[in-house]
Amino acid sequence: MPVDPLHTAGSPPRSAKSQPPRGSATSAVEVRRSARRSRTVSAYREGDRTIVLIPARMSEAEEQRWVGVMLDKLAAQESKRILGDAELTERAERLSEQYFEGRARPDSVRWVTNQNTRWGSCTPAEGSIRLSHRLQGMPEYVLDYVLVHELAHLLVPGHGPRFWQLLEAYPRTERARGYLEGVVAADRLPHLPAARGE
């Protein structure tokens, strides 16, 4: 049975799945070439995909370089945007529709500042989901993973096999777990005093 990284200090088992491109919050990148586009490159999210628009004349090497640049740029923009509680609730409802056919219906989704040992929590009887303020500024796929995790608890309160089967619907579970594990590990590193100038 997997270990729950959101509620315990343990490390869950990792799979050998391939990782998405750097900086990407999605599992697929679609490059669209345009003859009308002469110099500009742009990118945006479309559901579970990232669309990168490039000039038709661009070489394969330039395409690869610009895809990396635009993924990093999108990730940086997304990490600066902090959602309000109403936006969190809307996001949770969209994720419930996408992964649970709308069966997980939270009555409230909100940020809290009193959760320093867990990323999220859920009270199924009240239909409430609370997310740690420490998630603010993290990549969207990480925030979505925590929301999906807590939404799954509205359907299955414990962490038995049925719960983990539900969570398998979210395609970036392993990547998000790895990110959160890295944050926890970094917090545990000893902080060395700053070197003094001579």
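Here is a guided walk through this structure, from the whole chain down to a few of its helices and one loop residue. Keep in mind as you look that this is a predicted model.

Let's begin with the overall plan. The chain holds five helices and six strands. Followed along the sequence, these elements come in the order β-β-β-α-α-β-β-β-α-α-α. The chain has 198 residues, and 41% of them count as buried. You can also ask how far along the sequence the contacting residues lie. Taking contacts between residues at least 6 apart in sequence, 52% join residues that are at least 24 apart.

Now find helix H2, which runs over residues 85-100. H2 has 16 residues, and the distance from its first C-alpha to its last is 21 Å, close to the 22 Å expected at 1.5 Å a residue. Which residues of H2 are buried? They are Leu-88, Thr-89, Arg-91, Ala-92, Leu-95, Ser-96, Tyr-99 and Phe-100. These residues span an arc of only 160 degrees around the axis, so they sit on the same side of H2. Turn to the other side of the helix, and you will find Ala-86 and Glu-97 exposed.

What do the buried residues of H2 pack against? Their partners are two strands, S4 (108-112) and S6 (128-132), and two helices, H3 (140-155) and H4 (161-167). Just past the end of H2 comes Glu-101, with a positive phi of about 55 degrees.

The pairing of H2 with H3 deserves a look of its own. Their axes are 9 Å apart, and the helices pack at an angle of about 70 degrees. That angle makes H2 roughly perpendicular to H3, because angles from 65 to 115 degrees count as roughly perpendicular. On the H2 side, the residues that meet H3 are Leu-88, Arg-91, Ala-92, Leu-95, Ser-96, Tyr-99 and Phe-100. On the H3 side, they are Glu-140, Leu-143, Asp-144, Leu-147, Val-148, Leu-151, Ala-152 and Leu-155. Sorted by type, the residues of this contact between H2 and H3 divide into eleven nonpolar, one polar and three charged.

H3 also meets another helix, H5. Helix H5 covers residues 173-188, so to find it, move further along the chain. H5 has 16 residues and reaches 23 Å from its first C-alpha to its last, close to the expected 22 Å. Its buried residues are Thr-173, Glu-174, Arg-175, Ala-176, Arg-177, Gly-178, Leu-180 and Glu-181. Among the elements that cover them are H3 and H4.

How do H3 and H5 cross? Their axes come within 9 Å and cross at roughly 105 degrees, which makes H3 roughly perpendicular to H5. In this contact, Tyr-141, Val-142, Tyr-145 and Val-146 of H3 meet Thr-173, Arg-175, Ala-176, Arg-177, Tyr-179 and Leu-180 of H5. The residues where H3 and H5 touch divide into seven nonpolar, one polar and two charged.

Finally, let's leave the helices and visit a loop. Glu-126 is found between strand S5 (120-123) and S6. Is Glu-126 buried or exposed? Its relative accessible area is 54%, and anything over 50% counts as exposed, so Glu-126 is exposed. Glu-126 and Asp-107 are 19 residues apart in sequence, and in space their C-alpha atoms are 7.3 Å apart.

Technical notes
Residues numbered from 1 in each chain as written. Predicted model: local features only at pLDDT ≥ 70, side-chain atom pairs only at ≥ 80, totals over all residues. Heavy atoms only, no water. Helix = DSSP H or I, 4+ residues; strand = E, 2+ residues; numbered from the N terminus. Expected span 1.5 Å × (residues − 1). Buried < 20%, exposed > 50% of the residue type's maximum accessible area, 1.4 Å probe, protein only. Arc of directions from axis to C-beta. Contact = heavy atoms within 4.5 Å. Axes fitted to C-alpha atoms, helices over the stretch in contact; angles between N-to-C directions. Parallel < 35°, antiparallel > 145°, perpendicular 65-115°, else oblique. Nonpolar A, V, L, I, M, F, W, Y, C, P; charged D, E, K, R; others polar.
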